[in-house]
Amino acid sequence: IHKYPLRCALRHGEGDGYAAYSPRMLQIQAGDIAMSLGLFSFVIGLHSFSRQQYRQMLWAIIATLFGILGSVLSTARGGWIGLPLLLCFALFAYRQYLSKKILFFVSLFFVFLLAAVAFAPKTKLISRVTEAYTETQQYFDAQVEQSTSIGARFALWKSALLMAKEKPLLGWGNAGAMEKRQVQQQEGVISEYAANFTHAHNQYLDNLSKYGLVGLVALLAIFSVPFCYFYRKRHAIKGEEKLLATLGMLHIISVMCYSLTQAFLNHNSGNIFYFLSVFIFYGCLKHSEKE
């Protein structure tokens, strides 16, 4: 990172207001968290609609818009990938309360919202998507463009898979993975730019390369164990329990999506947000069951 001060300054928004939240907080993490908060509000809005609490539903919709806008202004594309899936999941969870007409208007609303956000110049959504396509094309056409955001990710994923191939069970460890990445750079496997990253920009591959299959299984357990608990409670009779179970499942799926392009749990913000939210939903659900 220290070898590329100008590039890092541009990516993290120093000086020109390039991205929201930076440089005080990594905008990838902040954008993903903002997206989750917006989706939580969307589920609360659906719950309020099912209980005919329309005033609360209106506030939840407004909060949803601000959460999604916060993610868009961060210019972090990782949170945008899973948005259609997560919206469909929320709608499916409350499908019995939604007629075909309502589903149509909700879908139309989000299409218009996306169009409005996309063509607003300050959001840079179109340029970021176009940039991602161009960088992907450059990488696969030339196999040498690894100094871009997308190109570096492909190089890091390749690096992590090669590490896992050599030490599949226990991995290289954190320091060992960094050293191995430098060796790969000297051998011409990855670029100098990619070799200076501290993680693989993919939580699954990062765990696999550093901690082997043991680490990957542990990561999957962190996601699957609480998800199974919330899944069993999804058809609870009390509306509050259904809401909490849906929020818990949505939260876990969203973090799993973020982890495809970012080592979300390698950062303190990701660890605190993921585990604290799981504990809150679990604790509220257990309290509701006792009542």
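**Figure 1. Burial of Tyr94 and its aromatic partner.** In this predicted model, Tyr94 counts as buried because its relative accessibility is 1%, below the 20% limit for that class. A search of the whole structure yields 14 aromatic pairs. One of them joins Tyr94 to Tyr97 in a tilted arrangement, with 6.1 Å centre to centre and 40 degrees between the planes. Tyr97 has a relative accessible area of 38% and is therefore partly exposed.

**Figure 2. The edge-to-face pair of Phe223 and Tyr274.** The ring centres of Phe223 and Tyr274 are 5.5 Å apart, and the planes form an angle of 90 degrees. The pair counts as edge-to-face because this angle is over 60 degrees. Phe223 belongs to helix H11 (residues 203-232) and Tyr274 to helix H13 (residues 268-290). With the two positions 51 residues apart in numbering, the pair links distant parts of the chain. Are Phe223 and Tyr274 buried or exposed? Both residues are buried.

**Figure 3. An aromatic cluster that includes Phe223 and Tyr274.** Tyr204 and Phe275 join Phe223 and Tyr274 in one aromatic cluster. Within this cluster, Phe223 and Tyr274 form the edge-to-face pair of the preceding view.

**Figure 4. Charged side chains over aromatic faces: Arg95 with Phe92 and Lys167 with Trp172.** Arg95 is placed over the face of Phe92, at 3.9 Å from the ring centre. Lys167 is found over the face of Trp172, where the distance from the ring centre is 4.1 Å.

How values were computed. Residues numbered from 1 in each chain as written. Predicted model: local features only at pLDDT ≥ 70, side-chain atom pairs only at ≥ 80, totals over all residues. Heavy atoms only, no water. Phe/Tyr/Trp six-rings, centres within 6.5 Å; stacked < 30°, edge-to-face > 60°. Buried < 20%, exposed > 50% of the residue type's maximum accessible area, 1.4 Å probe, protein only. Helix = DSSP H or I, 4+ residues; strand = E, 2+ residues; numbered from the N terminus. Lys NZ or Arg CZ within 6 Å of the ring centre and 35° of its normal.
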